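Open the model in your viewer and keep the selection panel at hand. The stops below say what to pick and what is there.

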Amino acid sequence: MIEAMALSKRFGSIEAAKDVSFVARDGEITGLLGANGAGKSTCLRMLYGVLTPDGGRACIDGIDIRGETSKARAHLGVLPHAAGLYNNLTARENIRYFGSLHGMTAARLRSRTAELSLALGMDGFIERRAKGFSQGQRIKVALARALVHDPGNVVLDEPTNGLDVMAIRNLREGPGSVRAVLLARHAGSGGAVRSSGDHRPGQGVGGRDSSGNSRTQRCCDAGRSIFAGARRH
Ligand SMILES: Nc1ncnc2c1ncn2[C@@H]1O[C@H](COP(=O)(O)OP(=O)(O)OP(=O)(O)O)[C@@H](O)[C@H]1O
Ligand SMILES: [Mg+2]
């Protein structure tokens, strides 16, 4: 579970986020929606601890990201906007580098990389250097890198270029145990979501269907108003 509680951030005169609160629950894909410049990336960067909020706090599985950063990050995978790869490293080496930063053993790294490579269809290019990779190949490696330490929660900043919504949904059914997915998207980028009409901050309806709760989406407007919604079928 990922919780944002009254997060605020200013850059000089720009109020990038003001009192933003939402919860990305286990068993759900939560959308953080907003126009360009609405503050989505700013909120995500506060969630994963690279930006210090002016006010409010964020917790991953109940662990305060600023209080216990390493412990919280062990529970969180991050796919930042325009995630860069090291072009001179192979796909495997890019993944291994991140895994070693998380303190994974060589044996665990090997088995986890094999698992992710199979699940994401990377076997054909896992030993190739990243220079020249297609958009889809790059995003798969960046995603494997985000998931290498088997976090329970994942944050994706506009991953839709080269990674389709089905692939994102499959994250939760794929290798490891991703429980909560938080996905930032441009509000006008075609997501099939609708407001539930319930605009109470921090609360949501979470539409569920007969296939279980994997199709549930909660949607938060990155500005001041927050709502929840369900996928339109
Ligand atoms: N480091 C920074 N310095 C100054 N202003 C910043 C900084 N980071 C973000 N901003 C500003 O804060 C506002 C929110 O930016 P942010 O990147 O969070 O928006 P966004 O919702 O992710 O937009 P997009 O859909 O374009 O990715 C913008 O006005 C942006 O220019
Ligand atoms: Mg952004």
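**Stop 1: helix 3 and helix 5**

Helix 3 and helix 5 are roughly parallel to each other, because their angle falls under 35 degrees (over 145 counts as roughly antiparallel, 65 to 115 as roughly perpendicular, the rest as oblique). Helices (H or I, at least four residues) and strands (E, at least two) are DSSP runs, numbered from the N terminus. This is a predicted model: local features need pLDDT of at least 70, side-chain atom pairs count only at pLDDT 80 or more, and totals for chains, interfaces and linings use all residues. Residues are numbered from 1 along each chain as its sequence is written, while chains are lettered from A and ligands numbered from 1 in the order in which they are written.

Select helix 5, residues 135-147. Helix 3 packs on helix 5 at about 25°, with the axes 8 Å apart. Axes are lines fitted to C-alpha atoms, for helices over the stretch in contact, and angles run from 0 to 180 degrees between N-to-C directions. Now show Ala-91, Asn-94, Ile-95 and Phe-98 in helix 3: they meet Val-141, Ala-144 and Arg-145 in helix 5. Contact here puts C-beta atoms, placed from the backbone, within 7 Å. By class, this contact divides into 5 nonpolar, 1 polar and 1 charged residues. Ala, Val, Leu, Ile, Met, Phe, Trp, Tyr, Cys and Pro count as nonpolar, Asp, Glu, Lys and Arg as charged, and the others, Gly among them, as polar.

**Stop 2: helix 3 and helix 4**

Keep helix 3 (residues 91-101) and add helix 4 (residues 106-120). They pack at about 130°, with their axes 10 Å apart. Helix 3 is therefore oblique to helix 4. In helix 3, Arg-92, Ile-95, Arg-96 and Gly-99 meet Leu-109, Arg-112 and Thr-113 in helix 4. This contact has 2 nonpolar, 2 polar and 3 charged residues.

**Stop 3: the sheet**

Move to the open sheet of 4 strands, order 2-1-4-5, paired antiparallel. Two strands pair if DSSP finds at least two bridges between them. Strand 2 and strand 5 (63-64) are the edges, each pairing on one side only. Select strand 1 (residues 2-11) and strand 4 (residues 55-60): 5 bridges join them. Ser-8 has Gly-55 in strand 4 as its bridge partner. Next, add helix 1, which lies across strand 1, strand 2 and strand 4, at about 120° to strand 1.

**Stop 4: ligand 1**

Which residues come nearest to ligand 1? Of the 13 around it, Phe-11, Ala-16, Lys-40, Ser-41 and Thr-42 do. A residue counts as near if its C-beta atom, placed from the backbone, lies within 6 Å. Strand 2 (14-24) and helix 1 (40-47) each give two or more residues to this shell. Helix 1 gives the largest share, 3 residues. By class, the shell has 5 nonpolar, 7 polar and 1 charged residues.

Note on methods:
Contact = placed C-beta atoms within 7 Å.
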